[in-house]
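Good morning, everyone. Please have the chain open in your viewer, and let's walk through it together.

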Amino acid sequence: MIKIALEWLTGCEGCEVSLLDYLGHILRMLEGGEVKIVYAPLLLDVEDYDRADIAITTGSIRTVADEERIKRARAKSKYLVALGSCACFGGIHGLADLNALNVTGDMPEISLRATLEPLWKVVRVDSAIPGCPPPEKLLVQFIGNMLSPLPTSKGKRVCDECMRKRSEEGEKKIRSIRRDTVGIDAERCLLDQSVPCIGFATSSGCGALCPSLNYPCHGCMGLDDDIEGQSNGIARAISALASVLEMDEVEDALRDPVGFFMKFSYPSFELRERKGNGTKG
């Protein structure tokens, strides 16, 4: 029997909701005696647990309490899974590190860390399932065979899964970046139409869901196959986009490089200003 702990750190709870969407799969495993949930704040009135085979962790490390909880989970589990973009890369709320955050008013005192961190900067992570929230097929595969590594599409990008028609490489330069999708062709590549989309740099696995719905990819699956390699992925993405932009448009197009390239992975960017430290355990 596999003992599972569901750890819940700072986040929006979207990954927990996605996981519960497949509660039927989990219930069948529970009924069959294959798994046992020993800790889950969203489901069980249990304050602690002794040991777990797998600690599935969502959210990122924003508070001192988050850091204590993830270190406890690492110590008590054989296998630690980072579930969702926040756990893998820091997530979209990691952009808060761009500005000082003061907790005031009638809110209870919260002990914030100097910087927000993804799990891998504080503890060892055994497996990562990115996405905001993680794609259905990855969750189903993981639930169905929890102790086996997920199939990977190493080296592939969202563009490889996208059905939109692209111009031939080098056919033209992008002269501007538009900030809306009104009136765009639903079959042509978004970037070819000057809509900022970073599917060319984002790891595959989502089935190009956003572009298929006429919405540009913003990188929630990460910019590198390795969750610890996001800085390299970000550098490659900036270089690739600059190569197809007219040079006099680069500065304007990239006036918000953090928001464009690092919406989900800024806390993983090694060159950001360091205000605090995390230690792997």
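First, a reminder: this is a predicted model. Let's start with the overall inventory. The chain has 10 helices and 7 strands. It has 281 residues, and buried residues make up 48% of them. Now look at the contacts with a separation of 6 or more. Residues 24 or more positions apart account for 74% of those.

Next, the strands. Find strand β1, residues 2-8. Then find strand β3, residues 52-58. β1 and β3 pair in the parallel sense, over 5 bridges. To see one pairing, click on Ile 4, whose bridge partner in β3 is Ile 54.

Stay on β3. How many of its residues are buried? The count is 7 of 7, so β3 is mostly covered.

From β3 we step across to β5. Those two strands run parallel as well, joined by 5 bridges. Ala 55 stands opposite Leu 80 in β5. Ile 56 stands opposite Val 81, also in β5. Here is a general point to keep in mind: in a regular strand, side chains alternate between the two faces of the sheet.

Is β5 enclosed or open? It covers residues 77-83, and 6 of the 7 are buried, so the rest of the structure largely encloses this strand. β5 also has β7, residues 127-129, as a parallel partner, with 3 bridges between them. For a landmark there, take Ala 82, which stands opposite Ala 128 in β7.

Now back to β1, and to one residue in it: Leu 6. Is Leu 6 buried or exposed? Its relative accessible area is 18%, and the cut-off for buried is under 20%, so Leu 6 counts as buried. What does Leu 6 touch, once we skip residues up to four places away in sequence? The list is Leu 19, Tyr 39, Ala 40, Pro 41, Leu 43 and Ile 56. You have met Ile 56 already, facing Val 81. Leu 6 also gives us a distance across the fold. Thr 58 is 52 residues away along the chain, yet the two C-alpha atoms are separated by 8.0 Å.

Leu 6 turns up again in the cavities. The structure holds 2 cavities of 30 Å³ or more. The largest has a volume of about 120 Å³. Its lining has 14 residues, and the closest to its centre are Leu 6, Glu 7, Glu 16, Leu 19 and Leu 42. Which elements supply at least two lining residues each? They are β1, α1 and β3. Helix α1 gives the most to that lining, with 4 residues.

Two glutamates next. Glu 67 is in helix α3, residues 64-76. With 16% relative accessibility, Glu 67 counts as buried. Leaving out residues up to four places away in sequence, Glu 67 touches Ile 61, Arg 113 and Val 122. Leu 119 lies 52 residues from Glu 67 along the chain, and their C-alpha atoms are separated by 8.9 Å.

The other one is Glu 117, in strand β6, residues 112-117. How accessible is Glu 117? The value is 0%, so Glu 117 counts as buried. Which side chain does the Glu 117 side chain meet in a polar contact? The partner is Thr 115, at 2.8 Å.

Last stop: the largest nonpolar core. This core has 24 residues. Which of them touch the most other members? They are Ile 198, Leu 223, Ile 234, Leu 241, Phe 261 and Met 262. Two helices, α8 (230-244) and α10 (257-261), each supply at least two residues of this core.

Zoom in on Leu 223. Setting aside neighbours within four places in sequence, Leu 223 has contacts that include Ile 198, Ile 234 and Phe 261. Its contact list also includes polar names, among them Thr 202, Ser 203, Gln 230 and Arg 236.

To recap: β3 has parallel partners in β1 and β5. Leu 6 is buried and is among the lining residues closest to the centre of the largest cavity. Leu 223 is one of the core residues that touch the most other members. That's the tour. Thank you.

Note on methods. Residues numbered from 1 in each chain as written. Predicted model: local features only at pLDDT ≥ 70, side-chain atom pairs only at ≥ 80, totals over all residues. Heavy atoms only, no water. Buried < 20%, exposed > 50% of the residue type's maximum accessible area, 1.4 Å probe, protein only. Pairing = 2+ DSSP bridges. Core = buried A, V, L, I, M, F, W, Y, C linked by side-chain atoms within 4.5 Å. Contact = heavy atoms within 4.5 Å. Polar contact = N/O pair within 3.5 Å; in protein donor to acceptor, adjacent residues only side chain to side chain. 1 Å grid on protein atoms, 1.4 Å probe; cavity = no way out; pocket = protein on both sides within 12 Å on 5 of 7 lines; lining within 4 Å. Points joined across faces, edges and corners; volume = space filled by probe spheres on them.
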